[in-house]
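Trainee: I would like to learn how to read a protein model step by step. Could we go through one together, beginning with the overall picture and then turning to single residues?

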Amino acid sequence: MTEHPPVIVHPPTPSGGRRVTVHGQIVGLAHGRGDVAEFLRRAGIADPAEDIALDDPRLVEWRGGSLDDWPMPPP
């Protein structure tokens, strides 16, 4: 079995947000990188003062796009 990183950012939803899970638990719906970083801080994955390497594949798995893919919600 392949082990996944502790954080998974799921594909964009129709509203444009991306569900974020930490260790299999939903922690929120992110609408940008800053939201993902904040969820990780709240979950204790990162210290509030440290820069979080959201592009580190050992930490975050991006599904349905990269950390730069944040589609706009439909009007």
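Mentor: We shall take the whole chain and then a few of its residues, keeping in mind that this model is predicted.

Trainee: How many helices and strands does the chain have, and in what order do the elements run?

Mentor: The usual way in is to list the elements and then to follow them along the chain. Here the secondary structure comes to 1 helix and 4 strands, and from the N terminus on the elements run β-β-β-α-β. The radius of gyration is 12 Å, close to the 11 Å that the globule rule gives for 75 residues, so the chain is as compact as a globular protein of that length. Along its principal axes, the C-alpha trace spans about 35 × 35 × 20 Å.

Trainee: What share of the residues is buried, and what supplies the exposed surface?

Mentor: Burial is read from relative accessible area, and a residue counts as buried when that value is under 20%. In this chain, buried residues make up 37% of the 75 residues. The chain exposes about 4,800 Å², of which carbon and sulfur atoms supply 54%.

Trainee: How many charged side chains of each sign are there, and how far apart are the centres of the two sets?

Mentor: One counts the two signs separately and then compares where each set is centred. The chain has 7 positive and 11 negative side chains, and the centres of these two sets lie 5 Å apart.

Trainee: What can contacts tell me about residues that are far apart in sequence?

Mentor: One asks how far along the chain the two partners of a contact sit. Among the contacts between residues at least 6 apart in sequence, 39% join residues at least 24 apart.

Trainee: Which residue would show such contacts around a strand, and is V22 buried or exposed?

Mentor: V22 is found in strand β2, and it counts as buried because its relative accessibility is 7%. Not counting residues up to four places away in sequence, V22 touches P6, V7, V27, L40, A43 and I45. One of these partners, L40, is 18 residues from V22 in sequence, while their C-alpha atoms are 7.8 Å apart in space.

Trainee: Where is H23 placed, and what is its phi?

Mentor: H23 is in the loop between β2 (18-22) and β3 (25-30), and it has a positive phi of about 50° although it is not a glycine. With a relative accessible area of 59%, H23 is exposed. Leaving aside neighbours within four places in sequence, H23 is in contact with P6 and I45. The C-alpha atoms of H23 and D35, 12 residues apart along the chain, are separated by 17 Å.

Trainee: Are the loop residues A46 and P14 buried or exposed?

Mentor: Loop position and burial are best read separately, one residue at a time. A46 is in the loop between α1 (33-42) and β4 (60-62), and with a relative accessible area of 8% it is buried. Not counting residues up to four places away in sequence, A46 touches L40, R41 and I52. P14 lies in the loop between β1 (7-12) and β2, and at 72% relative accessibility P14 counts as exposed. P14 and V60 are 46 residues apart in sequence and 22 Å apart in space, C-alpha to C-alpha.

Trainee: How many aromatic pairs does the structure hold, and which residues form one?

Mentor: For rings, one reads both the distance between centres and the angle between planes. The structure holds 1 aromatic pair, which W62 and W70 form in an edge-to-face arrangement, with 6.1 Å centre to centre and 90° between the planes. W62 counts as buried, at 17% relative accessibility.

Note on methods
Residues numbered from 1 in each chain as written. Predicted model: local features only at pLDDT ≥ 70, side-chain atom pairs only at ≥ 80, totals over all residues. Heavy atoms only, no water. Helix = DSSP H or I, 4+ residues; strand = E, 2+ residues; numbered from the N terminus. Rg over C-alpha atoms; globule rule 2.2 N^0.38 Å. Buried < 20%, exposed > 50% of the residue type's maximum accessible area, 1.4 Å probe, protein only. Contact = heavy atoms within 4.5 Å. Areas by Shrake-Rupley, 256 points an atom, 1.4 Å probe, with all protein chains shown as cover. Lys, Arg positive; Asp, Glu negative; His and termini not counted. Charge placed at Lys NZ, Arg CZ, Asp CG, Glu CD. Phe/Tyr/Trp six-rings, centres within 6.5 Å; stacked < 30°, edge-to-face > 60°.
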